[in-house]
Amino acid sequence: MEDKLKMVGIEKIKPYENNPRINDGAVESVANSIREFGFKVPIIVDKDFVIIAGHTRLKAAQRLGLKEVPVVIADDLSEEKVKAFRLADNKVEELAEWDMEKLDAELEGILMDMGQFGFELDSEGDLDNPYTDKTGTIQYEPTGEEVGIKDLTVEDKTEELLEKIENSNVTPNEKEFLRKAAYRHRAFDYHKIAEYYAQASPEMQELMEDSALVILDYDDAIAKGYARLKGEIDDMWEEDNDNE
C-alpha cells in the first residue's frame, strides 16, 4: 500500500457521513501534535476519497488551515471490509492501556508541555493520575448534578449474589459468611460521590473524608486510614487471584 501514499488537496477528502465516532474533543490535541511534529500519520480513504480512518486528523488539518494532507488510498478493500476496518480502527485503540510507571518515567524526560496533546498534568507538571499518590485536590470535579444517596454505589453484582445465596441450600452460618463476601462486589461511583459531597452538610463531608471517599490531602488521607484501606484492598485482590 506504500505506493498509494500521496498528498491530496484537503477539499477532495470526504468525511464518512455515518461516522459513529464523536471526536470533537480530540481535535485541538491532534492539531497541536501535527503543528509540533508534522503530519506523520496519513488519513486512510477509500477509492472515492471517503475517510475510513482519520476524521479527527482531517478536522485538525482544517483548523490549522492546511491545503494538502497525506492520505493512503485503500482501494483494495471491499465495501464490507471498509466498514469493518473503519470500526476496528477506532475500537482497537480503546483496548490499549497505559503502564503508569513507564509513562511517568517518559514524561519526566520531556520539557515540552504535554498537556497540549491531551495529557492531564497537575500544577507541577506531573501526570494527573487518579491512581497516583500525588493527590492534592478532589479527584472528580462536581458539576452540580443532583444525586441521591442510593446513586453512590453500584450493587447489581452484590444483589445478584445475595439472591443466589438466599436461594441456596448451604447452612445458615455459610450463608452469613457468603453475605459478607458478597458486599465486596459493591462498587463506588466516585463521580457521583463528588457531586453528593459538594452538596452535603459539613458533618457528612467530614465523615466522607474520614472514610476516604473523598481525598482532599494525601498526607491527611494516610492519617485517616486510606493507606491501610488500600492495603486491605490489595490483599483481597491478591487473594482472589491466588484462588483463580
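**Figure 1. Lys59 and Asp24 hold hands in a salt bridge.** Lys59 pairs up with Asp24 here, and their closest N and O atoms sit 2.7 Å apart. The partners come from distant parts of the chain, 35 residues apart: Lys59 belongs to helix α2, while Asp24 sits in the loop between β1 (5-9) and α1. How exposed is each partner? Lys59 is partly exposed, with a relative accessible area of 33%, whereas Asp24 is exposed, at 52%. Keep in mind, for this view and the others, that you're looking at a predicted model.

**Figure 2. The whole chain, before we zoom in again.** The protein has 10 helices and six strands. Of its 244 residues, 26% count as buried. The accessible surface comes to about 17500 Å², and 50% of that belongs to carbon and sulfur atoms. Now look at contacts between residues with a separation of 6 or more: 71% of them involve residues 24 or more positions apart. The salt bridge count for the protein comes to three, and the other two pairs get their own views below.

**Figure 3. Helix α2 and what covers it.** Which residues of helix α2 (residues 55-64) are buried? They are His55, Thr56, Leu58, Ala60 and Ala61. The cover over these buried residues includes one helix, α1 (27-37), along with the strands β2 (43-45), β3 (51-53) and β4 (68-73). Lys59, the salt bridge partner from the opening view, sits in this helix too, but Lys59 is partly exposed. Right after α2 comes Gly65, which has a positive phi, near 75°.

**Figure 4. Gly54, just ahead of helix α2.** Gly54 lies in the loop between β3 and α2. Is this glycine buried or exposed? Gly54 has a relative accessible area of 10%, so it counts as buried. Try finding Arg86 in the same view: along the sequence, Gly54 and Arg86 are 32 residues apart, yet in space their C-alpha atoms are 9.4 Å apart.

**Figure 5. The loop between β2 and β3, home of Phe49.** Phe49 is found in the loop between β2 and β3. What's special about its backbone? Phe49 has a positive phi of about 65°, although it is not a glycine. Phe49 is also buried, with a relative accessible area of 12%.

**Figure 6. Lys47 and Asp48 make a salt bridge.** The side chains of these two residues meet, with 3.3 Å from N to O. How exposed are the two of them? Asp48 is partly exposed, with a relative accessible area of 41%. Lys47 is exposed, with a value of 59%.

**Figure 7. Glu166 and Arg179 join two helices.** In this salt bridge, the closest N and O atoms of Glu166 and Arg179 are 2.6 Å apart. The pair links distant parts of the chain: Glu166 is in helix α5 and Arg179 is in helix α6 (residues 172-182), 13 residues apart. Where do the partners stand on exposure? Glu166 is partly exposed, with a relative accessible area of 39%, and Arg179 is partly exposed as well, at 30%.

**Figure 8. A negative patch on the surface.** Which residues form this negative patch? The members are Asp156, Glu159, Glu160 and Glu163. One of them, Asp156, is found in helix α5 (residues 156-166), the helix that also holds Glu166 from the previous view. Asp156 is exposed, with a relative accessible area of 58%.

**Figure 9. A nonpolar patch on the surface.** After the charges, here's a nonpolar spot: Phe37, Ile110 and Met112 form a patch with about 240 Å² of accessible area together. Where does Ile110 sit? Ile110 is found in the loop between α4 (100-108) and β5 (153-154). Ile110 is partly exposed, with a relative accessible area of 35%.

Technical notes. Residues are numbered from 1 along each chain as its sequence is written. This is a predicted model: local features need pLDDT of at least 70, side-chain atom pairs count only at pLDDT 80 or more; totals for chains, interfaces and linings use all residues. Side-chain values use heavy atoms; hydrogens and water are left out. Patches are made of residues with over 30% relative accessible area and no salt bridge: like charges are joined within 9 Å, nonpolar side chains (Val, Leu, Ile, Met, Phe, Trp, Tyr) within 5 Å. Accessible areas come from the Shrake-Rupley method with a 1.4 Å probe; for residues, only the protein chains shown count as cover. A salt bridge is a side-chain nitrogen of Lys or Arg within 4 Å of a carboxyl oxygen of Asp or Glu. Lys and Arg count as positive and Asp and Glu as negative; His and the chain ends are not counted. The place of a charge is taken as NZ of Lys, CZ of Arg, CG of Asp or CD of Glu. Helices (H or I, at least four residues) and strands (E, at least two) are DSSP runs, numbered from the N terminus. Buried means under 20% relative accessible area, exposed over 50%, partly exposed in between (1.4 Å probe, protein chains only). Contact means heavy atoms within 4.5 Å.
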